[in-house]
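Dear colleague,

Please find below the structure that I am handing over to you. I would be grateful if you kept it open while reading the notes that come after it.

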Amino acid sequence: MKIQIISLFPDMFEGLIGTSMIKKAQDQQLVEFKLINLRDFGIGKRRTVDGLLYGGGDGMLLRPEPMYAAVEFAKNADKDAQVILPTPRGEKYKQSTAKSLAAEGRGLIIICPRYEGYDERITELADRQVCIGNYVLTGGELPAMIVIDSVVRLIPGVLGGENSLLMESFNDDKLIEYPQYTRPENFNGLSVPEVLLSGNHAEIESWRKKHTKLQ
Ligand code: 6GU
């Protein structure tokens with residue numbers, strides 16, 4: 001899967017894509033990233049990407065031309081890719097969204113808004129608009145990283161088979177988590193629940209069910 005990111009701050013992604021499972025997925029050629037700096041598509045000598053609001057209002061908005069040019073550039077490298085726009089006005093991003101993006105297997109072009117917002121005509125570029133929760137962020141980079149992390153781990157081959165199977169038992173958007181323990185058995189007077197040491201799988205299963213938190 002090819003994932004192209006259009007941002008004014010592409011460096012923000014270096015940590016995510018250079019680390020751990022996502023790095024491994026690239027090494028195994030299961031996913032490929034391209035960071036595109038929106039500034040490279042800015043207008044004129046000053047590479048302008050923003051403008052004042054028609055009708056008045058505080059702050060600056062992303063102008064459409066640089067984003068249209070950047071998306072065209074990305075589409076030239078991947079004609080079949082779908083464009084994702086992170087925005088508080090989007091549909092709520094869920095595990096089921098991540099699953100469908102991973103299952104479709106199409107390339108992604110994620111465009112990251114900044115400033116106080118974007119010219120509405122930028123939404124015409126988007127196949128999907130997604131919102132990651134009920135709080136306000138300063139830009140689309142963190143939401144883009146959440147999309148990337150949640151999709152890449154679902155690409156076949158990225159996780160070990162065991163974990164992938166576990167995921168299948170998760171009920172769509174109901175995220176299941178129970179307390180887990182590793183060594184040592186006793187740590188500063190805090191001990192691992194006896195049942196988990198018992199080897200009794202039926203009892204372990206029922207303990208986990210009882211302690212499962214459904215979101
Ligand atoms: Cl996708 N963008 C911004 N700026 N803030 C958000 C968000 C997205 N989702 C929740 N808050």
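The notes below go from the whole chain to single residues.

Please bear in mind that this is a predicted model.

The chain as a whole

The protein chain contains eight helices and 11 strands. Along its principal axes, the C-alpha trace extends over about 70 × 40 × 30 Å. The radius of gyration of the protein chain is 21 Å, whereas a compact globule of 215 residues would have a value near 17 Å. Of the 215 residues, 40% count as buried. The accessible surface amounts to about 13000 Å², and carbon and sulfur atoms account for 51% of that area.

Two further values describe the chain as a whole. If one takes the contacts between residues at least 6 apart in sequence, 77% of them join residues at least 24 apart. As for charge, the chain carries 26 positive and 29 negative charges, and the mean positions of these two groups are 2 Å apart.

Backbone details

One peptide bond to look at is the one from Arg-183 to Pro-184, which is cis, with omega near 5°. Pro-184 is found in the loop that runs between β8 (176–177) and β9 (186–187).

Two residues other than glycine deserve a look for their positive phi values. For Gln-29, phi is near 60°. Gln-29 sits in the loop between α2 (20–27) and β2 (32–37). Is Gln-29 buried or exposed? Gln-29 has a relative accessible area of 72%, and because a value over 50% counts as exposed, Gln-29 is exposed.

For Tyr-115, phi is near 55°. Tyr-115 belongs to the loop between β6 (108–111) and β7 (128–131). With a relative accessible area of 31%, Tyr-115 is partly exposed.

The aromatic pair

How many aromatic pairs does a search of the whole structure find? The search finds one. The pair is formed by Phe-41 and Phe-73, and it is tilted, with 5.5 Å from centre to centre and 50° between the planes. This pair links distant parts of the chain, since Phe-41 lies in the loop between β2 and β3 (50–51) and Phe-73 lies in helix α3 (residues 64–77), 32 residues apart. Phe-41 is partly exposed, at a relative accessible area of 21%. Phe-73 also counts as partly exposed, at 40% relative accessibility.

Two buried residues

Leu-62 is part of strand β4 (residues 61–62). The relative accessible area of Leu-62 is 2%, and because buried means under 20%, Leu-62 is buried. From Leu-62 to Leu-142 there are 80 residues in sequence, and their C-alpha atoms are 18 Å apart in space.

Gly-107 is located in the loop between α4 (95–104) and β6. At 7% relative accessibility, Gly-107 counts as buried. Leaving aside residues up to four places away in sequence, Gly-107 touches Met-1, Lys-2, Asp-78, Ala-81 and Gln-82. Gly-107 and Met-60 are 47 residues apart along the chain, and a separation of 30 Å lies between their C-alpha atoms.

Yours sincerely,
A colleague

How values were computed:
Residues numbered from 1 in each chain as written. Predicted model: local features only at pLDDT ≥ 70, side-chain atom pairs only at ≥ 80, totals over all residues. Heavy atoms only, no water. Helix = DSSP H or I, 4+ residues; strand = E, 2+ residues; numbered from the N terminus. Rg over C-alpha atoms; globule rule 2.2 N^0.38 Å. Buried < 20%, exposed > 50% of the residue type's maximum accessible area, 1.4 Å probe, protein only. Contact = heavy atoms within 4.5 Å. Areas by Shrake-Rupley, 256 points an atom, 1.4 Å probe, with all protein chains shown as cover. Lys, Arg positive; Asp, Glu negative; His and termini not counted. Charge placed at Lys NZ, Arg CZ, Asp CG, Glu CD. Phe/Tyr/Trp six-rings, centres within 6.5 Å; stacked < 30°, edge-to-face > 60°.
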